[in-house]
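Got your viewer open and a selection box ready? Let's walk through this one together, stop by stop.

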Amino acid sequence: MADEGSEKKAQPPLVDRILQCGKQAFDPEISWETRKANIPAFSALLESTSTLALMSVLNLLVQPDRVQPWLRTPLISALARLPLRTRGVQDTIEFILSVHPSSAARNASGSSGRGSSISHEALNAASRLLSSPPVSMSPEKWFHGIAPQLFSLLEGEGEPEMDKAAAFVIGFGILGRKQFGAPGMPGWKAFVEPLLAAIDPALPTAVSPKQPSNDIEILGSRKILVSSEEVAKCLRRLSTLLTSHPHPSLTKRLLNPILLPLWSLSSWPHGNEYTEKSYRKPAAKLLRTLLQLSSGATNSSKAEKSSPNLLITILQNLTFQGRSVKTEKSWLYNTAQDGGVQIENIKGSELEDIPDSNLDLPRLDPAVDTFIDLLQTLPDLKTDVSELFINLCMKWLSHSTKDPTKPVVINVEQTADKYDVQNSLVEAKVMQKMMSIFPGKLVEDSTQVLDLVSQILSDFTMNTATSSEDTVAVALSLLNIVFTSPNFQATSGTEPRLESIQKSLSSISRKRDLETSSTAQNLLLLLKYRSTLEEPASATMSMPTSRQLEDRKSYSLAMSYLTGAESPPPVKVQGLELISDLIRNSSPTIDVPALLALFSLLLQDSEEYIYLRVIKSFIQLAQKHPKAAMKDLIDRYVDPNEEYELDQRLRLGEALLQVIEHNASAFNGETARAVCEGLLFLASRRGYRPKTEQQQEKKNKLKRKQDEEAEEAWGGEVPQLDEALDEKAEEEHEILSQIVTGWESKRGAEDIRIRASAISILGLGIEANVAGIDSKILSTAVDLSIHILTLESEPEKGILRRAAILLIMNFVRALDAARAEGKKLAFGFAGQSLEDVQRILGYVEASDNDGLVRQHARDVIVGLRAWQFNALLPPQKEQTLNQDLAGLSIHPRADEGSSGMSRPMIEEIE
């Protein structure tokens with residue numbers, strides 16, 4: 001009883017109160033009336049307690065065998081509903097980040113700031129929790145309960161870096177799961193439909209956009225469906241969500257339905273600086289991201305090639321301002337009083353008075369200029385821009401031909417709308433601007449243009465009366481663009497077309513009464529001149545196949561995505577996907593040294609999702625070129641020129657480790673020797689980094705100067721204004737500070753974290769393929785580990801000793817695995833060396849000041865003894881069907897046919 005009383009006194013007061021109230025409210029031995037009367041008191045206690053305090057206590061109590069089953073169920077229900085409280089989502093994320101092992105490891109490594117301590121693993125744990133509705137609640141109610149809090153965090157209203165955490169939860173945890181994130185599912189309705197409805201109210205959604213609270217309605221004015229503040233807020237939320245969740249598929253799913261509204265907002269002609277900052281820039285960034293991802297998809301996936309070109313869709317709705325179709329919910333963008341853009345309702349009686357948005361002539365010229373600027377800011381979309389230009393030319397020229405007996409067959413990915421004067425005006429203006437501003441980027445595939453030009457010129461030469469000379473002038477301009485394009489090259493497939501064009505040009509050039517005759521004569525000379533220049537090259541060079549051309553386009557597009565200074569994270573991920581497809585197909589277009597350098601550069605990206613994806617690309621490339629990848633990574637990891645920061649080198653080491661583990665068979669010979677020597681150099685104390693030493697001296701001088709100035713200004717020693725800690729906590733804080741400070745480089749020596757990382761990589765490399773490593777290197781690695789265990793016993797070098805002792809464990813495991821597989825190695829532990837290792841490990845187990853090092857030492861000693869025992873046993877032969885079964889007179893191979901195949905046999909035995 002005394003022990004139970006002392007344990008109860010040791011419990012925190014909150015735990016004690018929850019247990020007492022819970023017993024009174026749920027104990028089945030108490031009468032039902034009494035329990036019912038005490039349930040409000042139990043609920044009041046939980047409601048009056050802060051979320052963070054309650055979360056830690058309930059997590060303790062719901063563990064198995066902590067409380068009675070009748071109390072554990074209501075406690076689990078209360079714990080599951082904590083995120084629905086005010087600020088409950090942020091408290092839940094903070095609690096998981098504070099207790100997750102990966103976050104603790106990051107804090108111990110000296111990372112500064114809350115955001116830098118958030119790891120991918122901890123975010124995954126928080127995402128899994130918040131995206132899983134409690135059993136007692138429907139998904140609809142759960143997601144609609146936490147959605148306002150997550151939206152608030154998306155806008156940066158929480159602690160630093162909480163916007164990225166919220167985006168991760170929404171993007172990966174909820175919308176990334178089909179059961180919740182597919183269109184029409186609870187997660188989609190709670191998180192996507194409100195965003196889309198605030199930008200395009202006509203989209204089919206189950207929710208209505210938030211309307212401004214204004215009870216006064218002015219007669220004659222339109223009703224405001226969505227306020228300007230709400231439109232700007234949804235643009236910010238979309239930008240944060242899609243930037244912090246760099247997955248291309250989600251970006252396309254969210255932005256494809258609002259393509260035209262994004263174009264309208266990005267090209268809004270009115271407003272001020274607020275309009276530019278809150279509407280035009282965010283919408284333009286989202287629109288460029290969508291266009292880049294759609295271009296990458298069409299280049300990498302033939303299944304998506306049939307989807308309409310988004311640029312053509314924008315061009316067909318160049319002056320889009322809203323939806324005024326009678327069968328849909330009609331709305332219109334309009335400028336608000338503050339310069340923002342609001343959405344107004346269009347009544348049925350107004351539809352006849354409002355002209356078609358495409359007939360807005362005052363807005364047409366600015367819209368065309370904005371469209372051309374958009375094409376210029378997207379140099380990655382060469383293929384799409386060329387396709388757009390060719391389609392426009394074919395459409396315009398085909399409608400300009402007068403001869404109805406020779407119709408032009410056009411394969412354009414456009415809707416079959418009636419070709420009217422208004423569309424002709426828009427397309428003519430865009431064609432004129434494109435031909436005058438960037439003519440060299442307009443022709444990627446000249447075959448279609450040559451077909452059309454050949455037909456138009458042929459019609460003109462055969463029947464001048466029914467053909468327009470203006471049409472011929474435009475056709476000759478197109479022909480000039482094709483001939484002067486650096487991508488144009490005559491092939492066997494284009495020779496018939498060029499011969500026909502040459503005859504037509506010759507005929508036109510002889511008609512001196514035509515203004516186009518001189519142009520035809522010049523083009524005729526240019527055609528002959530190009531053909532004479534290309535004849536020698538065509539005889540010696542083989543033309544690339546269509547597959548090679550497609551791979552080159554994909555490779556060029558991917559490199560532009562990855563190297564673009566303003567490429568958002570989803571676009572970079574799309575570029576990595578394109579590169580992965582090329583690597584997977586063993587495309588000869590791949591430049592291995594350039595890709596290795598690019599991947600190493602991308603490892604420095606601040607987005608953890610990006611550099612983790614880069615490590616996967618490293619592994620994929622190493623499967624095709626393992627030696628080149630390993631040598632390049634070890635050179636950059638050693639960093640003799642001191643070009644990389646600590647975090648960047650650690651990421652390079654992580655990539656090297658993954659490459660070795662996934663390509664263990666290639667880790668041998670000269671490659672293994674170079675990698676192991678580099679790792680041994682880093683792990684030893686021989687490394688000297690003069691640039692780092694100079695930087696540290698400057699930093700120390702600056703700190704001393706700042707301290708002196710502070711003491712002089714204070715008039716003595718500067719007091720510590722931090723929160724007061726008790727004696728025990730202060731002592732632990734000082735020890736941790738000493739350890740973290742001791743990791744850093746001293747007097748130009750290598751950083752302890754890099755040394756520990758190098759030893760860990762070397763140990764795992766030994767375990768992956770011990771037979772491929774030279775015995776001298778293995779002996780040096782074991783000796784280095786022993787010296788570290790005996791000579792570097794400072795507390796701050798505990799992580800180094802842990803890695804060293806694990807290397808010995810990796811070596812023992814590798815020896816045991818080789819023995820089990822029947823491999824004969826020319827090295828191992830034996831005789832005096834084995835006794836020395838065991839003696840030193842015993843000393844470390846008894847005297848080291850790090851608990852994990854002592855535990856690892858015990859594990860290695862047990863492993864060595866097991867290995868010694870197993871080495872005395874003969875290798876066991878694997879039981880196969882070729883052998884008789886012991887104790888039974890059954891011969892598995894006795895009943896085989898003449899072909900050697902065994903026939904089914906049933907035998908009854910007692």
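## A tour of the model

Before selecting anything, keep in mind that this is a predicted model. Start with the whole protein chain in cartoon view: there are 39 helices and four strands to find. Switch to a surface, and you are looking at about 47600 Å² of accessible area, 52% of which belongs to carbon and sulfur atoms. Of the 910 residues in the protein chain, 45% are buried. If you like contact maps, here is one figure for yours: among contacts between residues at least 6 apart in sequence, 71% join residues at least 24 apart.

**Stop one: the strands.** Select residues 341-345, which make up strand 4. Is this strand largely enclosed or left open by the rest of the structure? Four of its five residues are buried, so strand 4 is largely enclosed.

Now add residues 331-335, which are strand 3. Strand 3 and strand 4 run antiparallel, and five bridges join them. To check the register, show Trp-331 as sticks and look across to Asn-345 in strand 4, which stands opposite. The two strands form a hairpin with five residues between them. Click on Gly-339 in the turn and ask for its backbone torsions: phi is positive there, about 95°.

Next, add residues 224-226, or strand 1. This strand also pairs with strand 4, in the antiparallel sense, over two bridges. Here the pair to display is Val-226 and Ile-343, with Ile-343 sitting opposite Val-226 in strand 4.

**Stop two: salt bridges.** A search of the whole structure turns up 25 salt bridges, and a few of them make good stops.

Select Glu-155 and Arg-236 and draw the distance between their side chains: the salt bridge is 2.9 Å, N to O. What does this pair tie together? Glu-155 lies in the loop between helix 9 (139-154) and helix 10 (162-174), while Arg-236 belongs to helix 14 (residues 228-244), so the bridge links parts that are 81 residues apart in sequence. Both ends are partly exposed: Glu-155 has a relative accessible area of 22%, and Arg-236 has 39%.

For a pair within one helix, go to residues 273-300, helix 17. Glu-276 and Arg-280 form a salt bridge there, with the closest N and O atoms 2.6 Å apart. They are four residues apart, which means about one helical turn separates them. Colour by accessibility and the two ends part ways: Glu-276 is partly exposed at 31%, whereas Arg-280 counts as buried at 15%.

Helix 32 (residues 669-683) offers another such pair, Arg-673 and Glu-677, four residues apart and again about one helical turn from each other. Their side chains meet in a salt bridge of 2.9 Å, N to O. Arg-673 is partly exposed, with a relative accessible area of 33%, and Glu-677 is partly exposed at 40%.

To finish this stop, select Arg-87, Asp-91, Glu-94 and Glu-159 together and show their side chains, which are linked in a network of salt bridges.

**Stop three: cysteines.** How many disulfides does a search of the whole structure find? The search finds zero. Two cysteines are still worth a click: Cys-676 is buried, at 1% relative accessibility, while Cys-21 is partly exposed at 25%.

Terms used. Residues are numbered from 1 along each chain as its sequence is written. This is a predicted model: local features need pLDDT of at least 70, side-chain atom pairs count only at pLDDT 80 or more; totals for chains, interfaces and linings use all residues. Side-chain values use heavy atoms; hydrogens and water are left out. A salt bridge is a side-chain nitrogen of Lys or Arg within 4 Å of a carboxyl oxygen of Asp or Glu. Buried means under 20% relative accessible area, exposed over 50%, partly exposed in between (1.4 Å probe, protein chains only). Two strands pair if DSSP finds at least two bridges between them. A disulfide is a pair of cysteine sulfur atoms within 2.5 Å. Contact means heavy atoms within 4.5 Å. Accessible areas come from the Shrake-Rupley method with a 1.4 Å probe; for residues, only the protein chains shown count as cover.
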